[in-house]
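Biologist: I have a structure open on my screen and would like to learn how to read it. Could you walk me through it, one feature at a time?

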Amino acid sequence: MTTVERFTPVQPGEPAPDFTLPALHREGSVSLSAYRGQSAVVVAFFRGLWCGFCRRHIAQLATTQEKLQALGVETLAIVGTNPQRARLYLRFHPTRVPLAAEPDLVTHRLYGLPNTAMTPELDQAIRSLQVSLPGQPAPLPFEQAYAVLRQQHPYEHTETDQREFERGAGQANGQFLIDREGVVRWAYVEGTREGLADTVKFSGDEELLAAARQLPA
């Protein structure tokens, strides 16, 4: 696959860039072209398993996946992580969501998802955010919210995770609804709605499902 650097995310109406990546939910690889002519698909990008918010989002995506399947739409999550490391984690924390590994974040760049340098100022700004977690009666300070996520979705960090954090701490997550012809019909990119607050926000799936209902049968 040829790497194409995009400085703006792929937009609705544009063809979705193809990719082939190591599968995590089964043996072999997974590619976007396999869905062409078969099914629409939501491709969800995550910065890495080291990210507690990403692990929570992946868990939530399993519920959204069931709703999408009822509309004839498949789901694939692409995680910026080492395949071997991810398979070890999934052995103890399985998920129903099909997963692919993108250890070098190449496909994230292919879709134009920004990766902002994590400066001390940006890190402090993120840590100053208040986080609304599902099941919590009120927003929590960032550090307290992250501690809750570590309890709910435990993860043992290694040197590999530290390297992935250093490379992708400022990587934006994103979701793209792609029709069976391979065209993007809806997109959400972290940071484009509410700025930094997007990075710690657990939004509902209503907008995505509404877009999926508009796809041709």
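Biologist: What kinds of residues make up the lining of the largest pocket, nonpolar, polar or charged?

Modeller: This is a predicted model, and everything here is computed from it. The lining of the largest pocket divides into 14 nonpolar, 9 polar and 7 charged residues. The space inside is about 650 Å³. Of the 30 lining residues, Arg47, Met118, Ile126, Ala169 and Thr199 are the closest to the pocket's centre.

Biologist: Which helices supply at least two residues of that lining?

Modeller: Look at H1 (52-70), H4 (120-127), H5 (142-152) and H6 (159-168).

Biologist: Now the interior. Which residues have the most contacts inside the largest nonpolar core?

Modeller: First the general idea: in soluble globular proteins, nonpolar side chains tend to be buried together. Here the largest nonpolar core has 33 residues, and Phe46, Leu49, Phe53, Leu99, Val131, Leu133 and Phe142 have the most contacts within it. Helices and strands both contribute: E3 (40-46), H1, E4 (73-79), H2 (83-92), E5 (99-101), H4 and H5 each supply at least two residues. Apart from this core lies another, of 20 residues, including Phe19, Val30, Tyr35 and Ile178.

Biologist: What does Leu99 touch, leaving out residues up to four places away in sequence?

Modeller: Its partners include Pro22, Ala23, Leu24 and His25, along with Ile58, Leu76, Ala77, Val79 and Leu90.

Biologist: And charged pairs? How many salt bridges does the count come to?

Modeller: The count is 8, taking a side-chain nitrogen of Lys or Arg within 4 Å of a carboxyl oxygen of Asp or Glu. One of them joins Arg47 and Glu190, at 2.2 Å from N to O. Arg47 sits in the loop between E3 and H1, and Glu190 in the loop between E9 (184-189) and H7 (206-213), 143 residues apart.

Biologist: Are Arg47 and Glu190 buried or exposed?

Modeller: Both are buried. Asp161 and Arg85 also form a salt bridge, with 3.0 Å from N to O. That pair links helix H6 to helix H2, 76 residues apart, and both Asp161 and Arg85 are buried. Elsewhere, salt bridges that share partners join Asp123, Arg127 and Glu143 into one network.

Biologist: Why does Glu66 count as partly exposed?

Modeller: Glu66 counts as partly exposed because its relative accessibility is 44%, and partly exposed runs between the 20% and 50% cut-offs. Glu66 forms a salt bridge with Arg96, with the closest N and O atoms 3.0 Å apart. Glu66 lies in helix H1 and Arg96 in the loop between H2 and E5, so the pair ties together parts 30 residues apart in sequence. Arg96 is exposed, at 52%.

Methods
Residues are numbered from 1 along each chain as its sequence is written. This is a predicted model: local features need pLDDT of at least 70, side-chain atom pairs count only at pLDDT 80 or more; totals for chains, interfaces and linings use all residues. Side-chain values use heavy atoms; hydrogens and water are left out. On a 1 Å grid over the protein atoms alone, a cavity is a set of points where a 1.4 Å probe fits but cannot get out, and a pocket is an open set with protein on both sides within 12 Å along at least five of seven lines; lining residues have an atom within 4 Å of a point. Grid points are joined across faces, edges and corners, and a volume is the space filled by probe spheres set on the points. Helices (H or I, at least four residues) and strands (E, at least two) are DSSP runs, numbered from the N terminus. Ala, Val, Leu, Ile, Met, Phe, Trp, Tyr, Cys and Pro count as nonpolar, Asp, Glu, Lys and Arg as charged, and the others, Gly among them, as polar. A nonpolar core is a set of buried Ala, Val, Leu, Ile, Met, Phe, Trp, Tyr and Cys residues joined through side-chain atoms within 4.5 Å. Buried means under 20% relative accessible area, exposed over 50%, partly exposed in between (1.4 Å probe, protein chains only). Contact means heavy atoms within 4.5 Å.
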